[in-house]
Amino acid sequence: MAATAWYLTQAWPAGSGFVAKYLCSSTFVSHRNPTTVFEQDIAPVNPITSYFGYSIDKKKQKVAAGWHGVFPRTAIYREGCGCTLVIGITEEKMRRQPLVSQGFDRNRSRHRKDLPWPRSNGGPVNPDKLGIDLPKLNAALDNAFSESFPDTRRNTRAVVVVYKGQLVAERYAQGVDRDTPLMGWSMSKSITNALTGILVREGKLDIRQPAPVPQWQDDKEKSKITIDHLLRMTSGLEFDEIYQPLSDTVHMLYNSHSVAAYAASKPMAAQPGSKWRYSSGTSNILAEILRRQMETASSSYFDFIYAELFHRIGMYSAIVEPDASGTFVGSSYTLATALDWARFGQLYLQDGVWQGERILPAGWVEYTTSPTAGAPKGQYGAHFWLNAGSADDPNHRRWPHAPRDTFAALGYQGQNLIIIPSRKAVLVRLGATANSDAWNTDQFIHQMLAALPTEEPG
């Protein structure tokens, strides 16, 4: 009985938090219908969420969720930094956190539709002029949105296809359009990679040096963890990367005041650099490190994120969301339109250069896409997924039908940002696929590439 009571005190608040946070971001950032979001995006993820009730206060811009008033959680929206769960702090104090300067311009309507993507949001262009097989392209789009198995729905929300730096196709589900910011989940880790790169370019970080985490300085083992270890998921810290009640990921995101503090407190399970283990916790430790460095360069570190990354490449819809302590959740909480996620992918396809201006340091994309030792299929670099293949068999790789130079930002519920340098392509798929068996990324890549030219048109 005591064990059951303890379980409820841990698992049910996390369930309330998931409902409140997801609905808050979907309502006040994505501007989607909350009833549809609850039925299609939330309830299929975890059966217990169907028992939760919720209320949305549009005037105060907040969402409360709980089970008959028990184990409640509240998420609040703040302009410029999206939604946050109120944990370990009062709502009033959280609303006073100076995260985004009041005068900072986050105008989302800067794009002119008469200018082509990526400079603005004009397009798509005529695929025929680029040698693209239009029937195959349309068939690939149709398949991405198809629902062959109603009990395991794909719920694809948006697909964008970019070839040779030009927007060649985009499609959206009902209730979503090209101006709808959607959650990237762990695609957010790629944003953390980019911000790290910017600070490296500015000389504010050295990835080979021990990570500057104050609570680790007197710890014999943790003080050996470098920023490179964090980026490559080889910190040695114990962390359970599963989305189930009482798991580290769920407890960190939905029961913690500071997600970074939770992750940093985990015990060591291996020597730094000795073992690869995917961990959202390390991304949030990095986020807190980045926050401290960005605060030395800007009166508001959120201003730094927008000014030095998002706005420089035209990602005006993008927004990162913080935890209750005020640190952005570098593992999970970035929203952007499909067109803006594609811009981000194009930045990496162009080696970190945008319209002749270097955003990421020279060599950063090469570093990012070099396989991490210990990843058995050569499937991970530095906060990006790879397709390199195992050291003894290049064909033993994550996506057998995709080129080996493919790399990607991937997220929960089937979020895909696929970058394929050898084919000059960027693919984006956003959705809410509760059952991973319903979405096949390898098939998606294969079908899309089948529509693109295999050689330069003559």
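## Aromatic rings and their surroundings

Y54 is partly exposed, with a relative accessible area of 31%. This value, like the others in this report, comes from a predicted model. F38, by contrast, is buried, because its relative accessible area of 12% falls under the 20% that sets the limit for buried residues.

The structure holds 21 aromatic pairs. F38 and Y54 form a pair whose ring centres lie 5.3 Å apart, and since their planes meet at 35 degrees, the pair is tilted. It links distant parts of the chain: F38 belongs to helix α2 (residues 34-42) and Y54 to strand β1 (residues 53-57), with the two positions 16 residues apart in numbering.

A tilted arrangement is also found for the aromatic pair of Y306 and F310, with 5.7 Å from centre to centre and 45 degrees between the planes. Both residues lie in helix α10 (residues 301-310), and because they are four residues apart there, about one helical turn separates Y306 from F310. Y306 and F310 are both buried.

Aromatic residues also come together in a group: F18, Y22, W185, Y254, Y333 and Y412 form one aromatic cluster. One of its members, Y333, has the side chain of K21 over its face. R429 takes up a position over the face of W439. The table sets out these two arrangements.

| Residue over the ring | Aromatic residue | Distance from the ring centre |
|---|---|---|
| K21 | Y333 | 4.0 Å |
| R429 | W439 | 4.0 Å |

Conventions: Residues numbered from 1 in each chain as written. Predicted model: local features only at pLDDT ≥ 70, side-chain atom pairs only at ≥ 80, totals over all residues. Heavy atoms only, no water. Phe/Tyr/Trp six-rings, centres within 6.5 Å; stacked < 30°, edge-to-face > 60°. Buried < 20%, exposed > 50% of the residue type's maximum accessible area, 1.4 Å probe, protein only. Lys NZ or Arg CZ within 6 Å of the ring centre and 35° of its normal.
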